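Let's take a quick tour of a protein chain together. Have a look at the sequence and the 3D picture first, then read on.

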Amino acid sequence: MSDEFWKRFPVIPGFDCVQMKNDIQAKIYDEIKGLSSEELVAYFNRAGRRFRERTEIPTVDSKLSMAHEEPASYDAKSSQED
């Protein structure tokens, strides 16, 4: 990537990305130290599931099914035409 790409993002004074990464890694290490292999797998499966739930984007089908609901007046109008 060119340097121009990174110039689009403003610098946040006092924010240390590397320190943030280190803090997160230390927190995870504290949570997983002493876990068995099976417990580690379960831990990271739960973490992955939480991540997917937080970042889930509604599918097109779910939006369409909600938008497809007919208004109540439609049934009354169609029954008069029969």
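Here is a short briefing, grouped by topic.

Keep in mind that this is a predicted model. The chain has five helices and zero strands, so if you read along the sequence the pattern is simply α-α-α-α-α.

**Surface**
- Just 2% of the 82 residues in the chain are buried.
- The accessible surface of the chain adds up to about 8000 Å², and carbon and sulfur atoms account for 59% of that.
- Ile12, Phe15, Met20 and Ile24 make a nonpolar surface patch of about 390 Å².
- Where does Phe15 sit? You'll find Phe15 in the loop between helix H1 (3-7) and helix H2 (17-32).
- Phe15 has a relative accessibility of 47%, so it counts as partly exposed, because exposed would need over 50%.

**Helix H2 and its ends**
- H2 has 16 residues, and at 1.5 Å a residue they should span 22 Å. The end C-alpha atoms of H2 are 23 Å apart, which agrees.
- What caps the N-terminal end of H2? That's Asp16: one of its side-chain oxygens lies 3.2 Å from the backbone nitrogen of Val18.
- Just after H2 comes Gly34, with a positive phi of about 85°.

**Aromatic rings**
- To describe a pair of aromatic rings, you give the distance of the centres and the angle of the planes.
- How many aromatic pairs does a search of the whole structure find? The search turns up four.
- One of them is Trp6 with Phe9: the ring centres are 5.9 Å apart and the planes sit at 45°, so this pair is tilted.
- Tyr43 and Phe44 also pair up, with ring centres 4.9 Å apart and planes at 85°, so that pair is edge-to-face. The cut-off for edge-to-face is over 60 degrees.
- Phe5, Trp6 and Phe9 are linked into a cluster by ring pairs.

**Buried or exposed?**
- Trp6 counts as exposed, because its relative accessibility is 54%.
- Its ring partner Phe9 has 44% relative accessibility, so Phe9 counts as partly exposed.
- Is Tyr43 buried or exposed? Tyr43 is buried, because its relative accessible area is 12% and the limit for buried is under 20%.
- Phe44, the ring partner of Tyr43, counts as partly exposed at 44% relative accessibility.

Conventions. Residues numbered from 1 in each chain as written. Predicted model: local features only at pLDDT ≥ 70, side-chain atom pairs only at ≥ 80, totals over all residues. Heavy atoms only, no water. Helix = DSSP H or I, 4+ residues; strand = E, 2+ residues; numbered from the N terminus. Buried < 20%, exposed > 50% of the residue type's maximum accessible area, 1.4 Å probe, protein only. Areas by Shrake-Rupley, 256 points an atom, 1.4 Å probe, with all protein chains shown as cover. Patch = residues over 30% accessible without salt bridge, like charges linked within 9 Å, V, L, I, M, F, W, Y side chains within 5 Å. Salt bridge = Lys/Arg side-chain N within 4 Å of Asp/Glu carboxyl O. Expected span 1.5 Å × (residues − 1). Polar contact = N/O pair within 3.5 Å; in protein donor to acceptor, adjacent residues only side chain to side chain. Phe/Tyr/Trp six-rings, centres within 6.5 Å; stacked < 30°, edge-to-face > 60°.
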